[in-house]
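Colleague: Please put the model on screen, so that we can go through it by question and answer.

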Amino acid sequence: MKRLLALTAAAFISLPLTPAPAIATGTDPAIQSHGTPGAPGAGDPYFPDQGNGGYDAGHYDLSLDYEPSSGRLSGVARISARATQELSRFNLDLVSTLSVRSVTVDGRTASYTQGGSELVVTPARALGAGRGFSVVIRYDGRPVHVVDPDGSVDGWIKTSDGVYNANEPQGAMTWFPGNHHMTDKATHRFTVTVPSTRVAVANGDLVAKVPKGGRTTYVWDSREPMASYLATVSIGKFELADSRIGGYRVTTAVDPKLAGDAAGFPDRHPPVLDYFSSIFGPYPFSSTGGIVDHAPEVGYALETQTRPIYPRVPSESLLAHELAHQWFGDSVTPTLWRDIWLNEGFATYAEWLWADKLGTRTVQAAFDQAYATAAEDEFWQTPTADPGGPENLFHDPVYDRGAMTLHVLRREVGDDAFFAILRAWAGEHKYGNADTAAFIALSERVSGRQLDALFDAWLFKPGKPSL
């Protein structure tokens, strides 16, 4: 969720995204007698250079050492992948403000070049189609966040005591190399060393905490597949709590400045998750929780997988929104960025459902309030299922018109079919990717109804639909 943006990017020092000249490093590229280069992007219309072709990443094992006082990061990324073509070379997404020191492929020194946001790796030998391989990249530097087309910041965002690490839609490349389009999900392990005055929090389960010589190493294991934009390694003077509450392992990190307002924060999670599990299906991950940082300059929360990050103590509606994303956005992730309504519209509708459950506002009242927007308002001019470009990804129509679409669908097919659709969507696409066409097809299959007119009016055409 990024529509909480409070400040413009002018408040930050930013990383330019214009291509930089390629920097030749490593050994001279080996002559390749077989194979072809992998594509330098995944082909997403909104972010054409994001992600890469020619291989699928399966697992990231990231060892990071960070010094907050200097802002310096040293990293070793060990990536397990599989070639999807006979591959002479391949790209990884990594900004050139981080300097690569060495690259190996299957233990053999590989040549590489860096430029802009691309790390181009040429292995000593071509990789056969279908073959598994491993890549080890050693790198260091001072990470700098990026400014998105809508003016928000994401990536490695420095705070007064550490890092607010939120990566939607393109920030992962600011701190680790990878195939960073959301269609290439992978498991992750984070081994993060920081001064012992700091705490490092990441996705998944905390499996080790090792103090040594004034520094502490935290190891987090994220065993379910995750899109890179949902990864986080957030660092600060957090109060860390890790406990079993009801049926959930709840791990939270709270900035001491907010500890008073955040009292009871872990206990707020199980009631929301129990309710959503009853209507969406079982919670899809091994743990839950959140990161509450004092980061008013950031201005938005994000549904980082298993452990959403907040720049302040979240309201009840914001907590519900980010926890609903664990099903819709995190477990089931869009195929293209233009389908972002499948994240934000669903999470917004879940907010409405939770408020209705609490008795503070009915879903119908929330719909009526949004529908009362005047027909000539710009709100109605953006098609929900294709907001027009990356600058519009996190605008109100994606959230509210997306939620309204779901409510109109519910009214059309009835509660039994509607909630069966949501459960099927979460279940059939668990840990995978899906698009708007797939949701329409599922809705028609489960409901037994032909729904073209409804979806055309609410997803694809500008203008205020009639009821």
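Modeller: A contact here means heavy atoms within 4.5 Å. The model is predicted: local features need pLDDT of at least 70 and side-chain atom pairs count only at pLDDT 80 or more, while totals for chains, interfaces and linings use all residues. Residues are numbered from 1 along each chain as its sequence is written, and side-chain values use heavy atoms, with hydrogens and water left out.

Colleague: Which residues does Met226 touch, not counting residues up to four places away in sequence?

Modeller: Met226 is found in strand β17; strands are DSSP E runs of at least two residues and helices are H or I runs of at least four, both numbered from the N terminus. At 0% relative accessibility, Met226 counts as buried (buried is under 20% relative accessible area, exposed over 50%, partly exposed in between, with a 1.4 Å probe and protein chains only). With residues up to four places away in sequence set aside, Met226 touches Lys185, Ala186, His188, Phe190, Asn203, Ala231 and Gln305.

Colleague: How far apart are the C-alpha atoms of Met226 and Thr306?

Modeller: Met226 and Thr306 are 80 residues apart along the chain. In space, the separation of their C-alpha atoms is 10.0 Å.

Colleague: Is Gln50 buried or exposed?

Modeller: Gln50 sits in the loop between β2 (36–37) and β3 (55–67). Leaving aside neighbours within four places in sequence, Gln50 is in contact with Gly41, Ala42, Asp93, Pro169, Gln170, His180, His181 and Trp337. The relative accessible area of Gln50 is 9%, which makes this residue buried.

Colleague: How many helices and strands does the protein chain have, and what is its radius of gyration?

Modeller: The protein chain has 8 helices and 24 strands. The globule rule (2.2 Å times the number of residues to the power 0.38, with the radius taken over C-alpha atoms) gives 23 Å for 467 residues, and the chain is close to that, so it is as compact as a globular protein of that length. The C-alpha atoms fill a box of roughly 65 × 50 × 40 Å along the principal axes. The radius of gyration is 22 Å.

Colleague: What share of the contacts with a separation of 6 or more comes from residues 24 or more positions apart?

Modeller: As background, 58% of the 467 residues count as buried. Among contacts in the protein chain with a separation of 6 or more, the share from residues 24 or more positions apart is 70%.

Colleague: Which elements do the buried residues of α2 pack against?

Modeller: Helix α2 covers residues 316–324, and 7 of its 9 residues are buried, so the helix is largely enclosed by the rest of the structure. The buried residues are Leu318, Leu319, Ala320, His321, Glu322, Leu323 and Ala324. They pack against α1 (269–280), β21 (288–292), β22 (309–310), α3 (341–358) and α5 (396–413).

Colleague: How far apart are the centres of the positive and negative side chains?

Modeller: Lys and Arg count as positive and Asp and Glu as negative, with His and the chain ends not counted; each charge is placed at NZ of Lys, CZ of Arg, CG of Asp or CD of Glu. The protein chain has 39 positive and 53 negative side chains. The centres of the two sets lie apart by 7 Å.

Colleague: Which residues are linked with Arg223 and Asp205 in a network of salt bridges?

Modeller: A salt bridge is a side-chain nitrogen of Lys or Arg within 4 Å of a carboxyl oxygen of Asp or Glu, and the side chains of Arg223 and Asp205 meet in one at 2.9 Å, N to O. Arg223 lies in β17 (residues 215–226) and Asp205 in β16 (residues 205–212), so the pair ties together parts 18 residues apart in sequence. Arg223 is partly exposed at 46% relative accessible area, whereas Asp205 is buried at 5%. The network links this pair with Arg189, Asp221, Asp242 and Arg249.

Colleague: What is the N to O distance in the salt bridge of Glu412 and Arg449?

Modeller: The side chains of Glu412 and Arg449 meet in a salt bridge. This pair links distant parts of the chain, with Glu412 in helix α5 and Arg449 in the loop between α7 (436–447) and α8 (452–460), 37 residues apart. Glu412 is partly exposed at 36% relative accessibility, and Arg449 is partly exposed at 35%. The N to O distance is 2.5 Å.
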